[in-house]
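This report covers strand pairing, salt bridges and nonpolar packing in one protein model. The sequence and coordinates come first.

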Amino acid sequence: VDRPWLVADGNTLYMAYANVMSAEPAVNTLAVSHDGGKTWLEHHIAHTATLEESDRPNTVIGPPLIADGTIRIPLASADLTNGGPTWLSFAVSRAAGVTWTEEPVAGPYDVFFHLPVASQAPDGTLYLTKPEGTAEGSSIEVLVSLDDGQTWSPIRVADEVVFPSVTGPWVDARPDGSATVAWLQQENETRTIWAARIDASGVVHPARALIAPVEDSSIFEFIMLDHDEAGRAFIVYPMDTGDCTQTTPLAQGRNAQCVWLLREDA
């Protein structure tokens with residue numbers, strides 16, 4: 001099982017999970033608990049790779065969106081073993097996870113790695129991350145839909161961004177309908193956290209670095225971003241700053257990193 005995501009909607013919990021996404025044909029599943037996680041009796045197949053999609057057998061899933069009775073799981077599909085383009089879509093259920101359809105969003109396009117992240121604002125605006133490029137440098141786009149996913153428009157947030165390892169940008173909607181985009185960025189031998197605010201109209205407020213550059217050569221994967229009811233952003237990220245107590249090293253040094261929290265000023 002690779003990269004499970006857990007989302008709460010009141011006392012109902014939704015967990016999206018997959019088989020080993022980078023090495024096997026995709027089987028993406030949604031599990032549901034109606035008692036706060038005590039029992040998980042519902043497991044629904046949300047998406048599977050098909051013979052008609054032999055050029056994209058692997059699918060990397062992002063956290064589910066639960067809003068107004070609709071469940072969306074963002075999907076980035078590609079041939080991760082042999083390389084090739086990526087397609088973006090959503091597995092969508094409007095029947096409590098019992099039946100599903102795949103709704104295409106974008107593709108094909110080139111990207112080194114893509115963990116798809118989506119968010120929905122209180123006014124219904126949908127945001128979906130779309131980095132595009134190579135390991136040497138990528139652009140960051142966020143796709144925006146104002147009509148419940150029927151059409152999408154790109155907002156270019158940054159260019160020539162180098163992502164460390166398999167990490168990518170994260171987006172989260174703010175209470176006023178705008179959104180914050182944050183990402184880990186590598187510059188020479190250092191890494192830092194960047195963020196920018198965007199409006200659904202396409203306005204991009206200037207991106208800025210949130211921490212001083214850190215010398216960090218370890219692998220780390222993704223940051224997470226959320227807002228409180230007042231609209232303040234909170235960013236959680238892993239970074240090996242030399243302050244952590246290192247135990248027996250795991251594969252790729254993943255337990256040699258601190259976990260940090262950034263909070264936006266009021």
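Which side chain meets glutamate 141 in a salt bridge? The partner is lysine 130, with 3.6 Å from N to O. The model discussed here is predicted.

**Salt bridges**

Glutamate 141 belongs to strand E12 and lysine 130 to strand E11, so their salt bridge ties together parts that are 11 residues apart in sequence. Both glutamate 141 and lysine 130 are buried. The two residues also take part in a network of salt bridges that links Lys130, Glu132, Glu141, Arg156 and Asp159.

Across the whole structure, a search finds 11 salt bridges. Three of them are listed below, with the distance between N and O atoms.

| Acidic residue | Basic residue | N to O distance |
|---|---|---|
| Aspartate 148 | Arginine 72 | 2.7 Å |
| Glutamate 141 | Lysine 130 | 3.6 Å |
| Glutamate 264 | Arginine 174 | 3.6 Å |

Aspartate 148 forms its salt bridge with arginine 72. Aspartate 148 sits in the loop between strand E12 (137-145) and E13, while arginine 72 is in strand E7 (residues 70-78), so this pair ties together parts 76 residues apart in sequence. How accessible are the two partners? Aspartate 148 has 37% relative accessibility and therefore counts as partly exposed. Arginine 72, in contrast, has a relative accessible area of 3% and is buried.

The salt bridge of glutamate 264 with arginine 174 links distant parts of the chain, 90 residues apart: glutamate 264 is in the segment after strand E21 (258-263), and arginine 174 is in the loop between E14 and E15. Glutamate 264 is partly exposed, at 28% relative accessibility. Arginine 174 has a relative accessible area of 9% and is buried.

**The four-stranded sheet**

Strands E11 and E12 belong to an open sheet of four strands, ordered E10-E11-E12-E13 and paired antiparallel. Its edges are strand E10 (118-120) and strand E13 (153-161), each of which pairs on one side only. On average, and with direction ignored, neighbouring strands of this sheet are turned by 20 degrees against each other.

At the E10 edge, three bridges join E10 to strand E11 (residues 126-134), and the two run antiparallel. Within this pairing, alanine 118 stands opposite leucine 128 in E11.

**The E14-E15 hairpin**

E14 and E15 form a hairpin with five residues between them. In the turn, glycine 177 has a positive phi of about 100 degrees. Four bridges join the two strands, which run antiparallel, and alanine 173 stands opposite alanine 179 in E15.

In a regular strand the side chains alternate between the two faces of the sheet. Strand E14 (residues 170-173) has Trp170 and Asp172 pointing one way and Val171 and Ala173 the other way, and all are buried.

**Nonpolar cores**

Which residues have the most contacts inside the largest nonpolar core? They are Ile73, Val157 and Trp183, in a core of 48 residues. Strand E15 (residues 179-187) supplies the largest share of this core, five residues. Apart from it lies another core, of 14 residues, including Leu88, Val105, Leu143 and Trp152.

Leaving out residues up to four places away in sequence, valine 157 touches Ile140, Val142, Val181, Trp183, Ala196, Ile198 and Val204.

Methods
Residues numbered from 1 in each chain as written. Predicted model: local features only at pLDDT ≥ 70, side-chain atom pairs only at ≥ 80, totals over all residues. Heavy atoms only, no water. Core = buried A, V, L, I, M, F, W, Y, C linked by side-chain atoms within 4.5 Å. Buried < 20%, exposed > 50% of the residue type's maximum accessible area, 1.4 Å probe, protein only. Contact = heavy atoms within 4.5 Å. Pairing = 2+ DSSP bridges. Axes fitted to C-alpha atoms, helices over the stretch in contact; angles between N-to-C directions. Salt bridge = Lys/Arg side-chain N within 4 Å of Asp/Glu carboxyl O.
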